[in-house]
Amino acid sequence: MGSNWMKRQRLMGYVFILPNMLGVVMFFLIPAAFSLGLTMTDYQFANPNYSFIGFDNFTRLFGDEKFFIAVKNTLLYLTAVPVSLVLAFLVAVALNRSVFLKSLLRSMYFMPYITSGVAVGFVWMLLFQPSQGPINGLLRAIGIANPPGWFASTDTAMFALNIIAVWATLGYNMIIYMAALQEISPELLEAARIDGASTFTLIRRIIWPLVSPTTFLLLITGLIGAIKSFGVIQAITGGGPGSSTTVMSLFIYKTAFSYYEMGYASAISWMLFSFVLLITLIQWYGQKKWVHY
């Protein structure tokens, strides 16, 4: 009787997960396998005449200057993630105390995260407008005669995108950190204060190590999310000026849907996958040294 009941329960479990498994197979595994096959061809969109070329797409990739520019821009864009985490942690520590209008401040910080990326992009385009934008207007008002060109300059366009990325993700990271902070025992913190620990020592020696699992989670998800970023960058700069803001996801899009080189775009996609996997493995190995459970 017990054996039959267990079999029925197991069968019901398979029935419940079947829709999700079908979705994974149809929309992830099969397209991934098809993309892997395309990396070995010179297939172009809507052109039935293509041939098997082996690893020529990958050979071309390592000789493509635009690919290395995209990799460099992606790495620069990733620097926004640790900056956002540090700022979010400090804001979470501040708001975790008795602060006036704390609930309103939490909502205000979190609002950018749930706002449409394209809408955010257009608002920041107006704010960063070189000649009439309020940010450069403020910089001129405080004595800076030649403020940055922001999105109009190849030197500052990526820096401006990083500012937007930090602003957009800070609220989400802060909420997660606040949830972690509320799990810390107040008695532990009180004991440290009685022993003479300063606020800086309390944060550095007790609070930060105790929330390190949360930091690890946010770091992995943040880096993967930044690597896949597309909408905001496409809406604001389209990869320009020049190629100064062309990250790998945008490079893949342009290769596939502007130049219609699906085989080459598939090769770039698999390089991006390898890049994400490598970063994740490095973090997974490194977390043994700094994450405290």
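1. Helices in this note are DSSP runs of H or I with at least four residues, numbered from the N terminus. On that basis Tyr 260 sits in the loop between α13 and α14, the latter covering residues 262–290. The model is a predicted one.

2. Overall make-up. The chain has 14 helices and 0 strands, and its pattern along the sequence is α-α-α-α-α-α-α-α-α-α-α-α-α-α. Its radius of gyration is 24 Å, well over the 19 Å that the globule rule gives for 293 residues, so the chain is more spread out than a compact globule. Along the principal axes, the C-alpha atoms fill a box of roughly 85 × 75 × 35 Å.

3. Burial, surface and contacts. Of the 293 residues in the chain, 37% are buried. The accessible surface is about 17,500 Å², and carbon and sulfur atoms account for 69% of that area. Among contacts in the chain with a separation of 6 or more, 65% are between residues 24 or more positions apart.

4. The nonpolar core. Which members of the largest nonpolar core touch the most other members? They are Tyr 77, Phe 89, Tyr 177 and Leu 181, out of 62 residues in that core. Helix α8, residues 157–181, gives the most to this core, with 12 residues.

5. Tyr 177. With neighbours within four places in sequence set aside, Tyr 177 is in contact with Leu 85, Ala 88, Phe 89 and Ala 92, among others. Its other partners under the same exclusion are Trp 208, Val 211, Thr 214, Thr 215 and Leu 218.

6. Helix α4. This helix runs over residues 80–95, which is 16 residues, and reaches 22 Å from its first C-alpha to its last, close to the 22 Å expected at 1.5 Å a residue. Its buried residues are Ala 80, Val 81, Ser 84, Leu 85, Ala 88, Phe 89, Val 91, Ala 92, Val 93 and Leu 95. They pack against α3 (65–78), α5 (102–114), α8, α10 (199–210) and α11 (212–227). Leu 85, Ala 88, Phe 89 and Ala 92 appear both in this buried set and among the contacts of Tyr 177.

7. The loop between α12 and α13. This loop holds Thr 237, Pro 241 and Ser 244, with α12 spanning 231–236 and α13 spanning 248–257. Most peptide bonds are trans. The bond from Gly 240 to Pro 241 is cis, with omega near -5 degrees. The backbone oxygen of Pro 241 lies 2.8 Å from a polar atom of the Ser 244 side chain.

8. Ser 244 and Thr 237. Why does Ser 244 count as buried? Its relative accessible area is 13%, and buried means under 20%. Leaving out residues up to four places away in sequence, Ser 244 touches Asn 73, Thr 154, Ala 157, Met 158 and Gly 239. Thr 237 is also classed as buried, at 18% relative accessibility. With the same sequence neighbours left out, Thr 237 touches Phe 151 and Thr 245.

9. Positive phi. Most residues other than glycine have a negative phi. Trp 150 has a positive phi of about 50 degrees, and its place is in the loop between α7 (134–141) and α8. Tyr 260 is another such residue, with phi near 60 degrees. Are these two residues buried or exposed? Trp 150 is buried, with a relative accessible area of 7%, whereas Tyr 260 counts as partly exposed at 40% relative accessibility.

10. Val 232. This residue lies in helix α12. Val 232 counts as partly exposed because its relative accessibility is 22% and the buried class ends under 20%. Not counting residues up to four places away in sequence, Val 232 touches Gly 117 and Ile 164. Its C-alpha atom is separated by 26 Å from that of Thr 214, which is 18 residues apart from Val 232 along the chain. Thr 214 is one of the contacts of Tyr 177 listed above.

Key:
Residues numbered from 1 in each chain as written. Predicted model: local features only at pLDDT ≥ 70, side-chain atom pairs only at ≥ 80, totals over all residues. Heavy atoms only, no water. Core = buried A, V, L, I, M, F, W, Y, C linked by side-chain atoms within 4.5 Å. Buried < 20%, exposed > 50% of the residue type's maximum accessible area, 1.4 Å probe, protein only. Helix = DSSP H or I, 4+ residues; strand = E, 2+ residues; numbered from the N terminus. Contact = heavy atoms within 4.5 Å. Polar contact = N/O pair within 3.5 Å; in protein donor to acceptor, adjacent residues only side chain to side chain. Rg over C-alpha atoms; globule rule 2.2 N^0.38 Å. Areas by Shrake-Rupley, 256 points an atom, 1.4 Å probe, with all protein chains shown as cover. Expected span 1.5 Å × (residues − 1).
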